[in-house]
Amino acid sequence: MAILNLLDQGNKKVTNVSDIKNFLNERGIIFEQWEASKPLSIHDDQETILEAFSHELKPYMHKHGYLSADVINVHKETPNIEAIRMKFLAEHTHSEDEVRFFVDGEGEFFFHLDEVFSLLCQKGDFISVPKGYKHWFDLAPTYFVKAIRVFQTKEGWVAEYTESGKEKKYIK
Ligand SMILES: [Fe+2]
């Protein structure tokens, strides 16, 4: 279950799903919660995971013109995990929407719009970060994310770093 943190409003936390949805939708960010069509285990492969969410994933991909989907799985034993964390942790934008569905684990998206707020995403949470939105993502403290990603282009995840250093004020 997601937690919205209004970092510029004294770290006010919002946990009610419809309140979170409204806050994000007002800012152009799609947020949903999906359920698997069959029980999953931690050992399931990419195909099994994609199949379990295909009733949600396929219509979404079709509607928004996505070509490919995969499952990213990073955890404490992943080589160079801290370097991977740093890659996501500097403020950046993308030229296509960044779509993630959290199958397991968790991670925190930070958004830099008029104000800065974050969304801790956990199992069952779906988010689409619009192209051009300034944001960053933190794997810490859990360092475990299993998430479905979808892409419109062959290049996959490409970041344009803003070099603003904005994230430094907010990283724990
Ligand atoms: Fe990103």
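These legends go with a set of close-up views of a predicted model.

**View 1. The whole chain, before zooming in.**
The chain has 172 residues and a radius of gyration of 15 Å, which agrees with the value near 16 Å for a compact globule of that length. Along the principal axes, its C-alpha atoms fill a box of roughly 40 × 35 × 30 Å. Running through it are four helices and eleven strands. Buried residues come to 48% of the chain. If you take the contacts with a separation of 6 or more, 70% of them join residues 24 or more positions apart.

**View 2. The iron ion and its protein donors.**
Which residues hold the iron ion? Its protein donors are H92, H94 and H135, each through NE2, plus E98 through OE. These donors sit 2.0 to 2.2 Å from the ion. Read along the sequence, the donor residues follow the spacing H-x1-H-x3-E-x36-H. The angles between the four donor atoms run from 85 to 173 degrees, so the arrangement counts as irregular. A tetrahedral label would need all angles between 85 and 135 degrees, and the upper end here is 173 degrees. Two of the histidines are well out of reach of the probe: H92 is buried at 1% relative accessible area, and H94 is buried at 8%.

**View 3. E98, a donor with a salt bridge.**
Stay with E98, one of the iron donors, and look at its other partner. E98 makes a salt bridge with R100, with the closest N and O atoms 3.2 Å apart. Are these two buried or exposed? Both E98 and R100 are buried.

**View 4. Helix α3 and its two faces.**
Helix α3 spans residues 54-64, and its buried residues are S54, L57, Y60 and M61. They cover an arc of only 140 degrees around the axis, so they fall on the same side of α3. Turn to the face away from that buried side and you find the exposed residues H62 and K63. What covers the buried residues? The cover includes helix α2 (46-52) along with the strands β3 (30-33), β4 (68-74), β6 (98-112), β8 (125-129) and β10 (144-151). After α3 comes G65, with a positive phi near 75 degrees.

**View 5. A salt bridge within helix α4.**
Helix α4 covers residues 81-89 and contains both E82 and R85, which are three residues apart, or about one turn of the helix. The two form a salt bridge, the closest N and O atoms being 3.1 Å apart. Their surroundings are not alike: E82 is partly exposed at 36% relative accessibility, whereas R85 is buried at 10% relative accessible area. Both residues also touch Y143, which takes over in the next view.

**View 6. Y143 and the loop between β9 and β10.**
Y143 sits in the loop between β9 (135-138) and β10. With a relative accessible area of 14%, Y143 is buried. Leaving aside residues up to four places away in sequence, which ones does Y143 touch? They are V74, H75, K76, I81, E82 and R85. T78 is 65 residues from Y143 in sequence, yet the two C-alpha atoms are 9.3 Å apart. The backbone here deserves a look too. Most residues other than glycine have a negative phi, and most peptide bonds are trans. Y143 goes the other way, with a positive phi near 50 degrees. P141 is found in this loop as well, and the peptide bond leading into it from A140 is cis, with omega near 0 degrees.

**View 7. N11, another positive phi.**
N11 lies in the loop between β1 (3-6) and β2 (12-14). Although it is not a glycine, N11 has a positive phi of about 60 degrees. N11 is partly exposed, at 40% relative accessibility.

**View 8. More of the salt bridges.**
How many salt bridges does the structure hold? There are seven. E26, R27 and E115 are linked in a network of them. Elsewhere, E167 pairs with its sequence neighbour K168, the closest N and O atoms being 3.9 Å apart. The cut-off for a salt bridge is 4 Å, so this pair makes the list at 3.9 Å. E167 is buried at 7% relative accessible area, while K168 is exposed at 63%.

Note on methods: Residues are numbered from 1 along each chain as its sequence is written. This is a predicted model: local features need pLDDT of at least 70, side-chain atom pairs count only at pLDDT 80 or more; totals for chains, interfaces and linings use all residues. Side-chain values use heavy atoms; hydrogens and water are left out. Buried means under 20% relative accessible area, exposed over 50%, partly exposed in between (1.4 Å probe, protein chains only). The arc is that of the directions from the helix axis to the C-beta atoms. Contact means heavy atoms within 4.5 Å. Donors are N, O and S atoms within 2.8 Å of the metal (3.2 Å for Na, K and Ca); water is not among the atoms, so sites may look incomplete. Four donors count as tetrahedral if all angles lie between 85 and 135 degrees; four count as square planar and six as octahedral if opposite donors are over 155 degrees apart and all others between 65 and 115; anything else is irregular. A salt bridge is a side-chain nitrogen of Lys or Arg within 4 Å of a carboxyl oxygen of Asp or Glu. The radius of gyration is taken over C-alpha atoms; the globule rule is 2.2 Å times the number of residues to the power 0.38.
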